[in-house]
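Hello,

Here is the structure I promised to pass on to you. Please open it beside this email, and then read on for what turned up in it.

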Amino acid sequence: MEQAAPDLERLLQPAPLEPLGHPDAGLEAAVGEEAEGAQDEEGPGDRTMTENNFWLKKIEISVSEAEKRTGRNAMNMQETYTAYLVETRSVEHIDGPSVLTDSLWRRYSEFELLRNYLLVYYPHIVVPPLPEKRAEFVWHKLSADNMDPDFVERRRIGLENFLLRVASHPILCRDKIFYLFLTQADSRLKALNATFRVKNPDKRFTELKHYSDELQSVISHLLRVRARVADRLYGVYKVHGNYGRVFSEWSAIEKEMGDGLQSAGHHMDVYASSIDDILEDEEHYADQLKEYLFYAEALRAVCRKHELMQYDLEMAAQDLASKKQQCEELATGTVRTFSLKGMTTKLFGQETPEQREARIKVLEEQISEGEQQLKSKNLEGREFVKNAWADIERFKEQKNRDLKEALISYAVMQISMCKKGIQVWTNAKECFSKM
């Protein structure tokens, strides 16, 4: 009895690419045990707060304190870090006898995990950025030490701003994991990452990615220029202290001119010492620019998620086309391109009609499933683009408003500084006139 030819083409063919699906699937890859427990209690897929739950109440969120701590890391090595006290206060019954308050300590790395989770689970959202982890673009007269009290205070304000941005977002504010982050100290999150190269990228997302790169570059250059100007300005102001010293020394040897020189020297000393407070105030405006420096990375994350979905779609289409070609070749008995099937035929002879029919039936079932998957992925992709662009438009309005306000405030501060300089020399002129 003639033995049927083994189906080497089927044996050697790589397994089809598994669909990535929605981030809801396999949620344990994105959240820790706490999130899984919450999911079990509420039911699969129920990741937002219900109508009677926390976020429809009025609450206040603050990062009220920063504390330097020492502990051991995962490598059992001693490390020093800063912990931040996150407080949430329900003000639903502000006039009543009780006000519910939750407070817990969080490290900066935990804020990073929360944001990474939001990036994965809400890929169509422009997630607010975190403040810088390390001191960058700092005017060099100020400390770049991560434990410096001024830097820690600026980062505390930035972390509070991050939580307020998330809480004020119409979608992010209702996330259960965000609620657990604010109220339960043992909640844990894990980060996800994926990078793919697509054959047919969406022009809009390509342009958005290019814009985010340019935005980050422009703001980086602006911050560097500001740091250089601050350094020069510091030198100019401090040099005025030399005027004060010289005028004071000169006043000691003059009788009629002494009082005028002494007064002029005093004005110069005051002017020289004012630069320290001015540059500390200026850091506030620099922090506003830094926020959008990091928002640029949030825009790129949205683009990366779209690339991932597009890559998944292209792989599904490619796999479907390959199966259709195999089915057609089996049905017609012709091979269009070089394949393992041709080698199998030469080595082991033709397949029996029963084998061919069985393979055609399996391929037809796989094609039907593939068409459904492809249709589902197309719908998911269109929904993602729709939601992403809606939030991007919201972000653009926010960005234009915030940066306009920051730049105007910075210009007003510079004008104020120039007016102070004019006033100092006006006062000095009056002192000289009275001599």
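Let me begin at the surface, where E354, E357, E364, E365 and E369 form a negative patch. A patch is built from residues with over 30% relative accessible area and no salt bridge, where like charges are joined within 9 Å and nonpolar side chains (Val, Leu, Ile, Met, Phe, Trp, Tyr) within 5 Å. Asp and Glu count as negative and Lys and Arg as positive, while His and the chain ends are not counted. Each charge is placed at NZ of Lys, CZ of Arg, CG of Asp or CD of Glu. The areas come from the Shrake-Rupley method with a 1.4 Å probe, and for residues only the protein chains shown count as cover. One member of the patch, E369, sits in helix α9, which covers residues 353–433.

Two notes on how to read all this. The model is predicted, so local features need pLDDT of at least 70 and side-chain atom pairs count only at pLDDT 80 or more, whereas totals for chains, interfaces and linings use all residues. Residues are numbered from 1 along each chain as its sequence is written, and side-chain values use heavy atoms, with hydrogens and water left out.

**The overall plan**

The protein has 9 helices and 3 strands. Both kinds of element are DSSP runs numbered from the N terminus: H or I over at least four residues for a helix, E over at least two for a strand. Starting at the N terminus, the order is α-α-β-β-β-α-α-α-α-α-α-α. Of the 435 residues in the protein, 41% are buried. Here buried means under 20% relative accessible area, exposed means over 50%, and partly exposed is in between (1.4 Å probe, protein chains only).

**Helices α3 and α4**

Helix α4 runs over residues 149–168, and its 20 residues reach 28 Å from the first C-alpha to the last. That is close to the 28 Å expected at 1.5 Å a residue, where the expected span is 1.5 Å times one less than the number of residues. Among the buried residues of α4 are F151, V152, L159, F162 and L163, and also the arginines R154, R155, R156 and R165.

In helix α3 (residues 108–121) you will find L114. L114 counts as buried because its relative accessibility is 0%. Its C-alpha is 8.1 Å from that of I177, although L114 and I177 are 63 residues apart in sequence.

**Salt bridges**

How many salt bridges does a search of the whole structure find? There are 23, each being a side-chain nitrogen of Lys or Arg within 4 Å of a carboxyl oxygen of Asp or Glu.

One of them joins the side chains of R226 and E282, at 2.7 Å from N to O. This pair links distant parts of the chain, with R226 in helix α6 (residues 203–251) and E282 in helix α7 (residues 258–332), 56 residues apart. Both R226 and E282 are buried.

Another salt bridge is between K377 and D312, whose closest N and O atoms are 2.7 Å apart. K377 is in helix α9 and D312 in helix α7, so this pair ties together parts 65 residues apart in sequence. K377 and D312 are both buried.

A third to look at is D319 with K323, which meet at 2.9 Å, N to O. D319 and K323 are 4 residues apart in helix α7, so about one helical turn separates them. Are these two buried or exposed? D319 is partly exposed, with a relative accessible area of 24%, while K323 counts as buried at 7%. Elsewhere, D213, E297, R300 and R304 are joined into one network by salt bridges that share partners.

**Neighbours in space**

K323 also has Q366 of helix α9 at 7.7 Å, C-alpha to C-alpha, with their positions 43 residues apart in sequence. Q366 counts as partly exposed because its relative accessibility is 32%.

Two glycines are worth finding as well. G241 is in helix α6 and counts as buried at 18% relative accessibility. The C-alpha atoms of G241 and A272 are 5.3 Å apart, and the two residues are 31 apart in sequence. G258 is in helix α7 and counts as buried at 6%. From G258 to F247, 11 residues apart along the chain, the C-alpha separation is 8.8 Å.

Happy exploring!
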